[in-house]
Amino acid sequence: LAEPPRWLRHAHARVAEVPCHVMRLSFTGEAAWELHHPVTESVYLWRALLETGAFYDLLPAEQQRNEDGTYTATLAGAYRTPAAAAAAAAGKGTGQP
């Protein structure tokens, strides 16, 4: 996405080449997005998010099965911005907020 959705907004985008309905949410002020996607792509998408997220210190934080039979998986980390992460990778700072 050239411009991520604002809070309580949504957009359709491909994430790791997987078609997703991207929703921007936050219940406690953290940066949070939901990615609704075809269930057949879940494992591939999860692995791609973990691989890319490693650069931003993201790790699996929680997984749960919801009452409606869907699953929720959460990544959590230092919440570095891409610019801060690039600076950290270049040795110009930690990238931490």
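Biologist: Which residues make up the largest nonpolar core?

Modeller: A general idea helps here: in soluble globular proteins, nonpolar side chains tend to be buried together. In this predicted model, the largest nonpolar core has 6 residues: Ala13, Val15, Val18, Cys20, Val22 and Leu45.

Biologist: Which elements give two or more residues to this core?

Modeller: Those are β1, residues 10-15, and β2, residues 18-25. The most comes from β2, which gives 3 residues.

Biologist: And what is Leu45 in contact with, leaving aside its neighbours within four places in sequence?

Modeller: Leu45 touches Val15, Ala16, Val18, Cys20, Leu35 and His37.

Biologist: Leu45 is also one of the buried residues of α1. How do I read a helix like that?

Modeller: Start with the turn: an α-helix has 3.6 residues a turn, so residues three or four places apart point the same way. Here the buried residues of α1 are Leu45, Ala48 and Gly53. Seen down the axis of α1, they fall within an arc of 120°, so they line one face of the helix. That buried set packs against β1, β2 and β3, the last being residues 32-36.

Biologist: Which residues are exposed on the other side of α1?

Modeller: Look for Val43, Arg47 and Glu51 there.

Biologist: What about Arg24: buried or exposed?

Modeller: Arg24, in strand β2, counts as buried because its relative accessibility is 17%, and the cut-off for buried is under 20%.

Biologist: How far apart are Arg24 and Arg6 in space?

Modeller: Their C-alpha atoms are 6.3 Å apart, although 18 residues separate Arg24 and Arg6 in sequence.

Note on methods
Residues numbered from 1 in each chain as written. Predicted model: local features only at pLDDT ≥ 70, side-chain atom pairs only at ≥ 80, totals over all residues. Heavy atoms only, no water. Core = buried A, V, L, I, M, F, W, Y, C linked by side-chain atoms within 4.5 Å. Buried < 20%, exposed > 50% of the residue type's maximum accessible area, 1.4 Å probe, protein only. Helix = DSSP H or I, 4+ residues; strand = E, 2+ residues; numbered from the N terminus. Contact = heavy atoms within 4.5 Å. Arc of directions from axis to C-beta.
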